[in-house]
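Grab a pencil and work through these exercises with the structure open beside you. Try each task before you read its solution.

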Amino acid sequence: SRSSDHPSDVGKSFEVPIFHVNADNVEAVCRVFKLAAEWRQEFNTDVIIDLVGYRRYGHNEGDQPMFTQPAMYTLIKNHPSLLNLYRKQLVEAGHVKDTEADNLHKTVTDV
């Protein structure tokens, strides 16, 4: 068991930057990875990215998380997928129209 909230806290002993980012926020994830790459280029040191997310379908194909952690996986099951979250964000911001998002999704999934 850990004695801290973040698994990345072990990095504190190495005195490197630690970036915590919500895996549901696509643009924040991209910004953090870009920032981490720029940091490495500039300062020649490691960085740690703590990507805070979940596994929608458990740890592997043989795992059935609804048996072992039913409360948590009920929440996860009801949580919108990353694709749906980002699609909604882009449509609401006016970056794409519903039909454009549908067409792009169809183009990608029909490959």
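**Exercise 1. The aromatic pair**

What is the relative accessible area of Trp39, and is Trp39 buried, partly exposed or exposed? Then work out how Trp39 and Phe43 sit together.

*Solution.* Keep in mind that this is a predicted model.

Step 1: Trp39 has a relative accessible area of 29%. Buried means under 20% and exposed means over 50%, so Trp39 is partly exposed.

Step 2: Try Phe43 in the same way. Its relative accessible area is 46%, so Phe43 is partly exposed too.

Step 3: Look at the rings. Trp39 and Phe43 form an aromatic pair with 4.3 Å from centre to centre and 45° between the planes, which makes the pair tilted. The structure holds one aromatic pair.

Step 4: Now check the sequence. Trp39 and Phe43 are four residues apart in helix H1, so about one helical turn separates them.

**Exercise 2. The nonpolar core**

Find the residues that make up the largest nonpolar core, then say which element gives the largest share.

*Solution.* Step 1: Pick out the seven residues: Phe19, Val21, Ala28, Val29, Val32, Ala36 and Val47.

Step 2: Sort them by element. Strand E1 (18-22) and helix H1 (26-43) each give two or more residues to this core. The largest share, four residues, comes from H1.

Step 3: Zoom in on Ala36, which is found in helix H1. With a relative accessible area of 5%, Ala36 falls under the 20% limit, so Ala36 is buried. Skip the neighbours within four places in sequence, and Ala36 is in contact with Phe19, Val47 and Ile49.

Step 4: Do that for Val32 as well. Leaving aside neighbours within four places, Val32 is in contact with Phe19, Val21 and Ile49.

Step 5: Link this to a wider pattern. In soluble globular proteins, nonpolar side chains tend to be buried together.

**Exercise 3. Two crossing helices**

Describe how helix H4 (residues 82-92) and helix H5 (residues 98-109) cross, and list the residues that meet.

*Solution.* Step 1: Start with the axes. Those of H4 and H5 come within 10 Å and cross at roughly 145°.

Step 2: Add the handedness: H4 passes H5 in a right-handed crossing.

Step 3: List the partners. From H4 come Leu83, Arg87 and Val91, and they meet Asp98, Ala101, Asp102 and His105 in H5.

Step 4: Sort this contact by class. You should get three nonpolar, one polar and three charged residues.

**Exercise 4. Buried or exposed?**

Decide whether Ser8 is buried or exposed, and do the same for Phe67.

*Solution.* Step 1: Ser8 is found in the segment before E1. Its relative accessibility is 7%, so Ser8 counts as buried.

Step 2: See what surrounds Ser8. Apart from neighbours within four places in sequence, Ser8 is in contact with Ile18, His20, Ile48 and Asp50.

Step 3: Phe67 is found in helix H2 (residues 65-68). Its relative accessible area is 72%, so Phe67 is exposed.

**Exercise 5. Positive phi**

What is phi of Glu15 near, and what is phi of Asn44 near? Locate each residue too.

*Solution.* Step 1: Phi of Glu15 is near 55°, a positive value in a residue other than glycine. Glu15 lies in the segment before E1, and at 75% relative accessibility Glu15 counts as exposed.

Step 2: Phi of Asn44 is also near 55°. Asn44 lies in the loop between H1 and strand E2 (48-52), and with a relative accessible area of 71%, Asn44 is exposed.

Key:
Residues are numbered from 1 along each chain as its sequence is written. This is a predicted model: local features need pLDDT of at least 70, side-chain atom pairs count only at pLDDT 80 or more; totals for chains, interfaces and linings use all residues. Side-chain values use heavy atoms; hydrogens and water are left out. A nonpolar core is a set of buried Ala, Val, Leu, Ile, Met, Phe, Trp, Tyr and Cys residues joined through side-chain atoms within 4.5 Å. Buried means under 20% relative accessible area, exposed over 50%, partly exposed in between (1.4 Å probe, protein chains only). Contact means heavy atoms within 4.5 Å. Axes are lines fitted to C-alpha atoms, for helices over the stretch in contact, and angles run from 0 to 180 degrees between N-to-C directions. A crossing is left-handed if the near helix is turned anticlockwise from the far one by less than a right angle, and right-handed if clockwise. Ala, Val, Leu, Ile, Met, Phe, Trp, Tyr, Cys and Pro count as nonpolar, Asp, Glu, Lys and Arg as charged, and the others, Gly among them, as polar. Rings of Phe, Tyr and Trp (its six-membered ring) pair if their centres lie within 6.5 Å; planes under 30 degrees apart count as stacked, over 60 as edge-to-face and the rest as tilted.
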